[in-house]
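Got a few minutes to get to know a protein model? Take a look at the sequence and the 3D view first, then read on.

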Amino acid sequence: MGQLLKLYWQGELEHQTSKSRYKRTSHKTFMPQLASIERCQARIRCIRAQRKAWKRDDPSPNTSDLHHVIGKSQNFPEDISTFVQQNSDDPAVKVSLLA
C-alpha cells in the first residue's frame, strides 16, 4: 500500500510540473515549447549543482591571517641593484635593462 501511494504522489507531482510549464507556453504547438522549458530547467539544475560543487571545493582560506598571504612575502624584500649585479649574465636581466 505504501509503495502504491508513493507512486501515486510521484505521478501527481509530475502532473503538476507539466501543468505549471504549460502556463508558460503559447498554448499552440506546446509540445516543443514544453521540451524547451524542460531542457532549460534541467540545464539550470546542472549549473546549480556545479556551483554547489565549486563552493565545496573552494580553496580560498576562511581565516583572515591566511587570506593575506601576499603581505607575508614583503618580510623578505629583494634589493634590485644587488639582484642585477649577481645575475648580470642572465639574458632576462639584460633584456629588462635595455627596455
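Here is a short tour of this predicted model, beginning with the whole chain and then moving to one corner of it.

The protein has six helices and zero strands. Much of what follows is about the loop between α1 (2-22) and α2 (30-56), where H27 lies, and about Y22, which sits in helix α1.

**The whole protein**

- Reading from the N terminus, you meet the elements in the order α-α-α-α-α-α.
- The protein has 99 residues, and 6% of them count as buried.
- The accessible surface adds up to about 9,300 Å². Carbon and sulfur atoms account for 60% of that surface.

**The loop between α1 and α2**

- H27 is a loop residue with a backbone twist to look out for: its phi is near 70°, a positive value, even though H27 is not a glycine.
- H27 counts as partly exposed because its relative accessibility is 45%, which falls between the 20% and 50% cut-offs.
- T29 belongs to the loop between α1 and α2 too. Its phi is also positive, at about 45°, and T29 isn't a glycine either.
- Is T29 buried or exposed? With a relative accessible area of 62%, T29 is exposed, because anything over 50% counts that way.
- T25 is found in the loop between α1 and α2 as well. Its relative accessible area is 9%, so T25 is buried; the cut-off for that label is under 20%.

**What T25 touches**

- A polar atom in the side chain of T25 lies 2.7 Å from the backbone oxygen of Y22.
- Which residues does T25 touch, if you skip those up to four places away in sequence? They are F30, Q33, L34 and I37.

**Y22 and its contacts**

- Y22 is partly exposed because its relative accessible area is 31%.
- Setting aside neighbours within four places in sequence, Y22 is in contact with H27, F30 and L34.
- With H27, the link is a polar contact: the two side chains of Y22 and H27 are joined at 3.2 Å.
- Y22 and I37 are 15 residues apart along the chain, and their C-alpha atoms are separated by 9.3 Å.

**The aromatic pair**

- How many aromatic pairs does a search of the whole structure find? It finds one.
- The pair is made of the rings of Y22 and F30, whose centres are 5.2 Å apart. Their planes meet at 85°, so the pair is edge-to-face; that label needs an angle of over 60 degrees.
- If you wonder why both a distance and an angle come up, a pair of aromatic rings is described by the distance of the centres and the angle of the planes.
- F30 lies in helix α2, while its partner Y22 is in helix α1.

**A patch on the surface**

- F30 counts as partly exposed because its relative accessibility is 32%.
- Together with M31, the residues Y22 and F30 form a nonpolar patch on the surface. The accessible area of Y22, F30 and M31 together is about 290 Å².
- Y22 and F30 can join such a patch because its members need over 30% relative accessible area, and the values are 31% for Y22 and 32% for F30.

Key. Residues numbered from 1 in each chain as written. Predicted model: local features only at pLDDT ≥ 70, side-chain atom pairs only at ≥ 80, totals over all residues. Heavy atoms only, no water. Helix = DSSP H or I, 4+ residues; strand = E, 2+ residues; numbered from the N terminus. Buried < 20%, exposed > 50% of the residue type's maximum accessible area, 1.4 Å probe, protein only. Polar contact = N/O pair within 3.5 Å; in protein donor to acceptor, adjacent residues only side chain to side chain. Contact = heavy atoms within 4.5 Å. Phe/Tyr/Trp six-rings, centres within 6.5 Å; stacked < 30°, edge-to-face > 60°. Patch = residues over 30% accessible without salt bridge, like charges linked within 9 Å, V, L, I, M, F, W, Y side chains within 5 Å. Areas by Shrake-Rupley, 256 points an atom, 1.4 Å probe, with all protein chains shown as cover. Salt bridge = Lys/Arg side-chain N within 4 Å of Asp/Glu carboxyl O.
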